[in-house]
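Good morning, everyone, and thank you for making time for this. I would like to walk you through one structure, taking the aromatic rings, then the cysteines, and then the ligand.

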Amino acid sequence: MTFDLSNFPRVGLAHLPTPFEPLNALSEHLGGPKIWAKRDDCTGLAGGGNKTRKLEFLIGDALSKGADTIVTVGATQSNHVRQSVAAAAKVGLKAEVLLERAVIRDEAYANNGNIMLDHLLGAKVHECDASADLNLDGQLFAMKLAEQGHTPYFIPMGGSSVVGALGYTSCIFELMDDADNNGINIDGIVHASSSQGTQAGLLAGLIAAESTIPVYGISVGRDQTELSAMVLELTEQTLEYAGLTKTIDSSSVICSDKFCAPGYGEPNSGMIEAVQLCAQLEGVLLDPVYTGKAMAGLISMIRDGQFKQDQNIVFIHTGGQTALHAYPSIFKG
Ligand SMILES: *Cc1c(COP(=O)(O)O)cnc(C)c1O
């Protein structure tokens with residue numbers, strides 16, 4: 001089961017391996033399977049989160065191409081943008097970011113949390129109105145910088161290119177070690193799925209490892225049919241980029257949009273319950289946009305009896321706590 005990613009340029013940015021720990025009180029409360037948290041909120045870079053794994057490969061690629069600036073895009077409260085800007089600061093690259101005002105809430109959302117840290121971390125922040133194609137806007141912006149004599153490296157939304165997805169392909173090998181170290185078999189992986197890089201990277205890693213562990217991607221906004229098609233495509237591209245001559249069966253792409261209403265970045269009661277349960281039973285902070293909805297999905301699957309009591313289900317805690325400060329009113333009591 002050896003699969004070598006060492007030919008790809010990579011920069012050490014994350015604290016790896018991230019902790020792998022049982023959420024015993026939560027498992028007991030739900031009366032379901034044993035829930036394990038893969039703590040990718042603890043990747044360590046300026047608040048951490050899942051994008052840091054992707055950025056190890058993305059920043060490696062940028063440096064190998066002689067870039068002097070990274071350009072990336074996201075929502076006002078993008079965790080990806082915060083981690084990208086921090087990564088750029090750490091390796092001495094400039095960062096220019098386009099933040100789309102797609103979710104308009106209040107003063108805290110507009111100014112606190114991630115956007116505040118983007119400024120603190122030294123990025124040039126350009127805010128724009130909701131866009132039909134933010135990735136395209138970002139690419140055009142990067143082209144303009146190139147015309148002015150800079151050497152930009154464009155990172156798409158969520159860091160979800162084939163390069164970024166390798167971060168989660170390699171995470172699978174960490175998870176295999178976590179399982180061995182704890183003497184368990186992993187029976188399922190649950191995580192928040194949005195720009196596809198995490199889910200596609202995980203699926204590519206599982207295929208490389210010849211494992212059939214199911215991955216449940218909980219959509220945080222997109223329709224599940226559309227999301228699964230996009231995950232399938234990025235998984236195929238990632239397998240090819242990684243030099244693996246293996247294919248993915250479309251039936252192994254599992255996405256659910258049952259937990260994302262009313263829309264991206266918009267709270268719902270399942271999310272609030274999940275965030276409160278993890279905080280109050282485990283002292284673990286989830287976030288309102290991604291992990292809260294993903295955990296609501298896991299809780300619902302457990303309540304529906306989808307897992308057996310002796311199974312081991314891994315919840316990938318992809319981070320995002322910084323955004324709690326952008327939503328003070330829903331948790332203040
Ligand atoms: C970006 C993000 C995700 C989703 O990861 P994708 O690779 O975009 O699907 C999940 N959780 C958090 C906290 C994130 O910031």
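Let me begin with a question: does Trp 36 count as buried or exposed? Trp 36 counts as buried, because its relative accessibility is 5%, and please keep in mind as we go on that this is a predicted model.

Trp 36 belongs to one of the five aromatic pairs that a search of the whole structure finds. Its partner is Phe 20, and the two rings are stacked, with 5.1 Å from centre to centre and 10 degrees between the planes. Since Phe 20 lies in strand β1, residues 20-22, and Trp 36 in strand β2, residues 34-39, the pair ties together parts that are 16 residues apart in sequence. Phe 20 is buried as well, with a relative accessible area of 12%.

A second pair is made by Tyr 216 and Phe 307, whose ring centres are 5.9 Å apart and whose planes stand at 80 degrees, so this pair is edge-to-face. It links distant parts of the chain, for Tyr 216 is in strand β8, residues 215-219, while Phe 307 is in the loop between α11 and β10, 91 residues away. Both Tyr 216 and Phe 307 are buried.

Rings can also have charges over them here: the charged end of Lys 51 sits over the ring of Tyr 290, 5.6 Å from its centre, and Arg 53 lies over the face of Tyr 168, at 5.6 Å from the ring centre.

Now to the cysteines. How many disulfides does the structure hold? It holds zero. Cys 42, for example, is in no disulfide, and the nearest cysteine sulfur, which belongs to Cys 171, is 13 Å away; Cys 42 counts as partly exposed, at 29% relative accessibility. For Cys 255, the closest cysteine sulfur is that of Cys 260, and the 11 Å between them is too far for a bond. Cys 255 is buried, with a relative accessible area of 10%.

Finally, which residues are closest to the ligand? Of the 16 residues that surround it, the closest are Lys 51, Lys 54, Ser 195, Thr 198 and Thr 318, and you will recognise Lys 51 as the residue whose charged end sits over Tyr 290. A polar side-chain atom of Ser 195 lies 2.5 Å from an oxygen atom of the ligand, one of Thr 198 lies 2.6 Å from a ligand oxygen, and one of Asn 79 lies 3.0 Å from a ligand oxygen. The protein covers 98% of the 380 Å² of accessible area that the ligand has on its own.

Methods. Residues are numbered from 1 along each chain as its sequence is written. This is a predicted model: local features need pLDDT of at least 70, side-chain atom pairs count only at pLDDT 80 or more; totals for chains, interfaces and linings use all residues. Side-chain values use heavy atoms; hydrogens and water are left out. Rings of Phe, Tyr and Trp (its six-membered ring) pair if their centres lie within 6.5 Å; planes under 30 degrees apart count as stacked, over 60 as edge-to-face and the rest as tilted. Helices (H or I, at least four residues) and strands (E, at least two) are DSSP runs, numbered from the N terminus. Buried means under 20% relative accessible area, exposed over 50%, partly exposed in between (1.4 Å probe, protein chains only). A charge sits over a ring if NZ of Lys or CZ of Arg is within 6 Å of the ring centre and within 35 degrees of the ring normal. A disulfide is a pair of cysteine sulfur atoms within 2.5 Å. A residue is near a molecule or strand if one of its heavy atoms lies within 4 Å of it. A polar contact is a pair of N or O atoms within 3.5 Å; within protein, one must be able to donate a hydrogen and the other to accept it, and residues adjacent in sequence count only if both atoms are side-chain atoms. Accessible areas come from the Shrake-Rupley method with a 1.4 Å probe; for residues, only the protein chains shown count as cover.
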